[in-house]
Amino acid sequence: MPPSPAAPTRTAVIVHIASADPIVHQHRSRLDRAAACGVPAHVTVLSPFVPPHRIDTSVISTLEAAVASVAAFDCDFVRADWFDSDVLWLAPSPEAPFRQLTEAVWTAFPDHPPYSGAFTSPQPHLTVGEAQLADLTALKAAEVAVQRGLPFRHHVDHALLIAGSDEPSSWRTVHRIPLDRP
């Protein structure tokens, strides 16, 4: 019998970018800590979110209303970019709907600022790799490989509430939240 996943210690709200998997999966699996923990290719809406033990029907319904305040949209991933030489990421275009999602959820949950308030205006992005897990040569090679798969389009019609820990393969979907259907 396989071991059961660790009890969740954190939650996040994300948009899973399944269209990215053929392009980034092999790189994320080696170069992104979140991938090793079971977090799919994504753009973060709000992390950290409400602690797992506080997730209840009231939190879920408030989250649903916040996410539904943004209309479903299409986005393209057309370029790779960098946060200094520390993080390789893909840029969504347009980024405004992702910012609207973050703002809506943060407004509904003001005690949970994006990235614990570390950034005044977080950049929507899909992480491919981090310097903590690989040297710059490996990240640059991943950048070249990933750029061959660009551009690609993704239709965003829902967000996910996920929960997990730092343990391998521990993150799971708690709730699927639809965006507004135009």
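# Exercises on a predicted fold

Pro48 sits in the loop between S2 and H3. That gives us a starting point in this predicted model, and the exercises below work outward from there.

**Exercise 1. Find the cis peptide bonds that lead into Pro48 and Pro151, and place each proline in the fold.**

Start with Pro48. The bond running from Ser47 to Pro48 is cis, and its omega is near -5 degrees. As we saw, Pro48 belongs to the loop between S2 and H3.

Now move on to Pro151. Here the bond comes from Leu150, and it is cis too, with omega near 0 degrees. Pro151 is in the loop that links helix H5 (136–147) to strand S6 (152–156).

**Exercise 2. Work out how many helices and strands the protein has, and in what pattern they follow each other.**

Count the elements: you should get 5 helices and 8 strands. Next, walk along the sequence and write down each element as you meet it. The pattern reads β-α-α-β-α-β-β-α-β-α-β-β-β. For the overall build, look at the radius of gyration: it is 16 Å, close to the 16 Å the globule rule gives for 182 residues, so the protein is as compact as a globular protein of that length. Its C-alpha atoms fill a box of roughly 45 × 45 × 30 Å along the principal axes.

To finish, check how the chain folds back on itself. Take the contacts between residues at least 6 apart in sequence: 76% of them join residues at least 24 apart.

**Exercise 3. Decide whether strand S4 is enclosed or open, and name the strands it pairs with.**

First, the cover. A residue counts as buried when its relative accessible area is under 20%. In S4 (residues 87–93), 6 of the 7 residues pass that test, so the strand is largely enclosed by the rest of the structure.

Second, the partners. Strand S3 (residues 73–83) pairs with S4 in the antiparallel sense, over 7 bridges. S4 is also joined to strand S5 (residues 126–130) by 4 bridges, again running antiparallel.

Third, pick out one residue and follow it. Leu88 of S4 has Trp82 standing opposite. Leu88 also stands opposite Gly129 in S5.

**Exercise 4. Examine the turn between S3 and S4, and find out what phi Asp84 takes there.**

The hairpin of S3 and S4 has 3 residues between the strands, and Asp84 takes a positive phi near 50 degrees. Asp84 isn't a glycine, so to speak, and the positive value is listed for a residue other than glycine. What about its cover? With 68% relative accessibility, Asp84 counts as exposed.

For a second case, go to Ser169, in the loop between strand S7 (158–164) and strand S8 (172–178). Its phi is positive as well, near 55 degrees. Ser169 is partly exposed, at 43% relative accessible area.

**Exercise 5. Sort Ser69 and Val70 into buried or exposed.**

Begin with where they are. Ser69 is in the loop between H3 and S3, and Val70 is found in the loop between helix H3 (57–68) and S3.

Then compare each value with the cut-offs, under 20% for buried and over 50% for exposed. Ser69 comes in at 52% relative accessibility, so Ser69 is exposed. Val70 has 4%, so Val70 is buried.

Now look at what surrounds Val70. Leaving out residues up to four places away in sequence, Val70 touches Pro97, Gln100, Leu101, Leu179 and Asp180. As for Ser69, its C-alpha atom is 9.9 Å from that of Arg181, though 112 residues separate the two along the chain. Set beside that the pair Val70 and Leu136: they are 66 residues apart in sequence and 37 Å apart in space, C-alpha to C-alpha.

**Exercise 6. Trace the surroundings of strand S2, and find which residues Thr102 is in contact with.**

Strand S2 (residues 42–46) is mostly covered, with 5 of its 5 residues buried. Strand S1 (residues 10–16) is joined to S2 by 4 bridges, and the two run antiparallel. Within this pairing, Val15 stands opposite Val43 in S2.

Turn to Thr102, which lies in helix H4 (residues 96–108). Thr102 counts as buried at 13% relative accessibility. Neighbours within four places aside, Thr102 is in contact with Thr44, Val45 and Pro114.

Key
Residues numbered from 1 in each chain as written. Predicted model: local features only at pLDDT ≥ 70, side-chain atom pairs only at ≥ 80, totals over all residues. Heavy atoms only, no water. Rg over C-alpha atoms; globule rule 2.2 N^0.38 Å. Contact = heavy atoms within 4.5 Å. Buried < 20%, exposed > 50% of the residue type's maximum accessible area, 1.4 Å probe, protein only. Pairing = 2+ DSSP bridges.
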